[in-house]
Amino acid sequence: MSTPFLSVRDLRVHFSTEDGMVKAVDGLSFDVDRGKTLGIVGESGSGKSVTNLAILGLHHPDHTEIEGEILLDGQDLLAASERELERLRGNKMAMVFQDALASLSPYHTIGAQIGETFRKHTGASKREARARAVEMLTKVGIPQPNLRVDDYPHQFSGGMRQRAMIAMSLVCDPALLVADEPTTALDVTVQAQIMDLLKDLQQEFGTAIIFITHDLGVIADIADDVLVMYGGRCVERGTKKEVLRAPQHPYTWGLLGSMPTLEGPVDVPLSPIPGTPPSLLNPPTGCRFHPRCSFTEQVGGDRCSAQQPPLDLVSGRGAACHLTPEQRAEFFDDFAGTRPN
Ligand SMILES: Nc1ncnc2c1ncn2[C@@H]1O[C@H](COP(=O)(O)OP(=O)(O)OP(=O)(O)O)[C@@H](O)[C@H]1O
Ligand SMILES: [Mg+2]
């Protein structure tokens with residue numbers, strides 16, 4: 001078996017706050033291979049961003065406790081110095097955020113910002129860096145890149161800024177790209193263009209991508225594998241087909257149930273998952289989803305509230321739920337039968 005390009009094992013990220021310890025990520029494991037896209041999905045506050053900021057080494061060291069193992073191409077990122085991380089960021093790994101305006105400096109031209117990242121990692125001259133910026137803007141589909149390279153961020157539309165940020169992230173051909181809801185703020189057409197762009201760039205460079213989103217439709221479009229997060233843990237993991245076609249966890253059923261379908265009649269209301277996300281200061285005991293789950297009686301006894309359902313650390317496919325495989329198949333069939341399509 002070949003070693004995965006990125007391997008995360010039993011990751012824990014805890015923040016000490018005035019109110020107590022926030023267990024934002026609590027025992028998370030996954031792999032991503034070169035040229036593949038892992039989609040991470042889960043409600044707001046489930047720990048998606050915290051996980052990926054830990055990979056990039058972007059958490060403030062004060063008040064943050066990080067445990068577990070993060071290996072990128074065999075290198076232990078949790079043991080890397082700040083200087084080493086600085087070198088890896090932008091060069092070997094890069095992140096695209098939801099809000100390009102907040103990530104780009106308003107005072108420097110788009111070209112200067114893309115070029116600066118390139119210069120920092122390659123030692124290229126200013127002239128070479130500018131040429132590279134134009135090349136990258138061309139790649140991400142900015143019209144008239146020779147002229148637009150000298151624009152400031154506010155002169156770009158939202159979609160163009162997002163492209164510019166992707167250009168900046170990819171300027172040094174990083175082997176790992178983390179895209180944290182990069183298209184959420186954009187309209188559907190631009191969203192689709194950006195996803196196509198990421199797929200093209202992945203084809204060209206063999207980039208490993210982690211794509212974070214609330215949107216299962218986006219996952220269906222771009223992901224190879226899917227990780228479903230709930231309350232700082234992984235509740236289900238598998239290939240896109242496995243997770244979307246034959247989900248095994250009641251929380252994933254809930255997510256699918258709250259997703260609009262193209263085929264369904266438009267007046268069928270979406271059914272959001274009842275209840276609220278768990279507190280991470282005092283997480284529920286046992287399965288963190290149990291207070292919102294409709295299947296605890298079928299499991300029986302107090303197992304759901306007393307025992308954390310295991311998830312195999314190494315296998316790619318799994319769901320952390322006490323229901324038996326037979327029960328899951330039966331209940332999912334019932335659930336699927338009630339869906340509009
Ligand atoms: N520096 C911090 N100190 C304390 N708590 C934090 C800190 N950063 C994040 N958290 C908490 O950790 C939890 C997970 O946050 P995270 O940003 O990873 O959620 P998310 O899944 O990315 O949500 P969203 O979909 O809204 O972006 C949240 O409850 C958040 O309030
Ligand atoms: Mg987030």
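Begin the tour by selecting Val8 together with Ile70, since Ile70 in E4 is the bridge partner of Val8. The model on screen is a predicted one, and every stop below should be read with that in mind.

**The four-stranded sheet**

From that pair, widen the selection to E1 and to strand E4, residues 64-72, and you will see two strands that pair in the antiparallel sense over eight bridges. A further pair to pick out here is Arg12 and Glu67, where Glu67 is the bridge partner in E4. Now bring in the neighbouring strands, and the picture becomes an open sheet of four strands in the order E2-E1-E4-E5, with antiparallel pairing. At its edges stand strand E2 (20-32) and strand E5 (75-76), each of which pairs on one side only. Next select helix H1, which packs on this sheet and touches E1, E2 and E4, while its direction makes about 110° with that of E1.

Before leaving this sheet, move to the E5 edge, where E4 and E5 pair in the antiparallel sense over two bridges. Leu71 is worth selecting here, as its bridge partner in E5 is Asp76. The two strands form a hairpin with two residues between them, and Asp73, which lies in the turn, has a positive phi of about 50°.

**Ligand 1 and its surroundings**

Select ligand 1 next and display the residues around it: there are 14 of them, and the closest are Ser44, Gly45, Lys48, Ser49 and Val50. Start with Ser44, which places a polar side-chain atom 2.5 Å from an oxygen atom of the ligand. At Gly45 look at the backbone instead, because a polar backbone atom of this residue is 2.8 Å from an oxygen atom of ligand 1. Lys48 again uses its side chain, with a polar atom that lies 2.7 Å from an oxygen atom of the ligand. On its own, ligand 1 has 650 Å² of accessible area, and the protein covers 62% of that area.

Which elements give two or more residues to the shell around ligand 1? They are strand E1 (6-17) and helix H1 (48-56), and H1 gives the most, with three residues. If you colour the shell by class, you should find four nonpolar, seven polar and three charged residues.

**The seven-stranded sheet**

Turn now to an open sheet of seven strands, in the order E6-E7-E8-E3-E9-E10-E11, whose pairing is mixed. Strand E6 (93-96) and strand E11 (318-319) stand at its edges with a single partner strand each, so one side of each is left without a neighbour in the sheet. Further in, select strand E3 (residues 37-41) and strand E9 (residues 225-230), which run parallel and are joined by four bridges. Within these strands, Gly39 stands opposite Val226 in E9.

Two helices can then be added to the view. Helix H7 (residues 158-170) packs on the sheet, where it touches E6 and strand E7 (176-180), and its direction makes about 170° with that of E6. Helix H11 (residues 250-257) lies across E3, E9 and strand E10 (233-239), and runs at about 100° to E9.

**A last stop at Gln327**

Finish by selecting Gln327, which is found in helix H14, residues 325-337. Its side chain reaches the backbone oxygen of Gln298 at 3.2 Å. Add Phe295 to the selection as well: Gln327 and Phe295 are 32 residues apart in sequence, and their C-alpha atoms are 9.7 Å apart in space.

Terms used: Residues numbered from 1 in each chain as written. Chains lettered and ligands numbered in written order. Predicted model: local features only at pLDDT ≥ 70, side-chain atom pairs only at ≥ 80, totals over all residues. Heavy atoms only, no water. Near = heavy atom within 4 Å. Polar contact = N/O pair within 3.5 Å; in protein donor to acceptor, adjacent residues only side chain to side chain. Areas by Shrake-Rupley, 256 points an atom, 1.4 Å probe, with all protein chains shown as cover. Nonpolar A, V, L, I, M, F, W, Y, C, P; charged D, E, K, R; others polar. Pairing = 2+ DSSP bridges. Contact = heavy atoms within 4.5 Å. Axes fitted to C-alpha atoms, helices over the stretch in contact; angles between N-to-C directions.
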